[in-house]
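Okay, thanks for making time, everyone. I'd like to walk you through one structure today, so let me put it up on the screen.

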Amino acid sequence: MTMFRLLNADEIECRIAQVKSNGIVLLLYKTARTDANLLDETVGFENWQNDFKIVDGVLYGGIGIYTDNGWVWKWDAGTESNTEAEKGSASDAFKRAGFKWGIGRELYSAPFTWIPSSKSTITKDSNGNNKCFEKFEVTKIGYDKNRDINELVIINSQTRVEVFKMGAKASET
């Protein structure tokens, strides 16, 4: 079956997963748009489709790819997002089905990504909860022969300052 290429740095998004007084934890993820683009690029826009269904009250998204043996489908459930529950659930299900096809599976090998408070702006809301409203982006990524991440550089999107660096080659930047 078709092997999807590894994600490029500009196809990977960063999300703040946790904010503590001494730093933040970032997660790497891909968007549904990235999945659709990779499907178009790899199998052709006419050779894939997606569908959604409700099973026991849970929304499942599926991606079907046309092969020599006909349509092959892979499905997964999605979870609601914090902003648009229904759309977020559909997008998440689609992306999870993409993972099952191997799109962006390398993100599961991402290192623990800690950004210390010296490289981020952490504030407290009116309830005393730690908050960080900065955005971050991956500027460099490398992979080993097993398709695992072995190099990663992340910057603060506003200040353009490097906040995370991992891997032997990352020291060359």
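Let's start with asparagine 50, which sits across from isoleucine 63 of strand 4. One thing to keep in mind as we go: what you're looking at is a predicted model.

So what do strand 3 and strand 4 do here? They're joined by eight bridges and run antiparallel, with strand 4 covering residues 58-67. As a bit of background, strands in a sheet pair up through hydrogen bonds of the backbone, and that can be parallel or antiparallel.

Follow the chain around the hairpin of strand 3 and strand 4 and you'll find two residues between the strands. Have a look at aspartate 56 in that hairpin, because its phi is positive, near 50°.

Now zoom out a little. The sheet is an open one with three strands, in the order 3-4-5, and the pairing is antiparallel. Which strands stand at the edges? Those are strand 3, residues 48-55, and strand 5, residues 70-77. Each of them has a single partner strand, so one side of each goes without a neighbour in the sheet. On average, neighbouring strands in this sheet are turned by 25° against each other, if you ignore direction.

And there's a helix on this sheet too. Helix 1, residues 32-43, packs on it and touches both strand 3 and strand 4. The direction of helix 1 makes about 135° with that of strand 3.

Okay, next stop: phenylalanine 112. You'll find it in the loop between helix 2, which is 85-101, and strand 6, which is 113-116. Is phenylalanine 112 buried or exposed? It has 61% relative accessibility, and the cut-off for exposed is over 50%, so phenylalanine 112 counts as exposed. Still, it has company: setting aside neighbours within four places in sequence, phenylalanine 112 is in contact with Val25 and Phe164. As for valine 161, it's 49 residues from phenylalanine 112 in sequence, and 19 Å from it in space, C-alpha to C-alpha.

Last topic, the cysteines. How many disulfides are there? The count is zero. Cysteine 14 is in no disulfide, and the nearest cysteine sulfur to it, from cysteine 132, is 12 Å away. Cysteine 132 isn't in one either, and its nearest cysteine sulfur is that of cysteine 14. For a disulfide, the two sulfurs would have to be within 2.5 Å.

What about accessibility? Cysteine 14 comes in at 14%, so it counts as buried. Cysteine 132 is buried as well, with a relative accessible area of 10%.

Note on methods:
Residues are numbered from 1 along each chain as its sequence is written. This is a predicted model: local features need pLDDT of at least 70, side-chain atom pairs count only at pLDDT 80 or more; totals for chains, interfaces and linings use all residues. Side-chain values use heavy atoms; hydrogens and water are left out. Two strands pair if DSSP finds at least two bridges between them. Helices (H or I, at least four residues) and strands (E, at least two) are DSSP runs, numbered from the N terminus. Axes are lines fitted to C-alpha atoms, for helices over the stretch in contact, and angles run from 0 to 180 degrees between N-to-C directions. Contact means heavy atoms within 4.5 Å. Buried means under 20% relative accessible area, exposed over 50%, partly exposed in between (1.4 Å probe, protein chains only).
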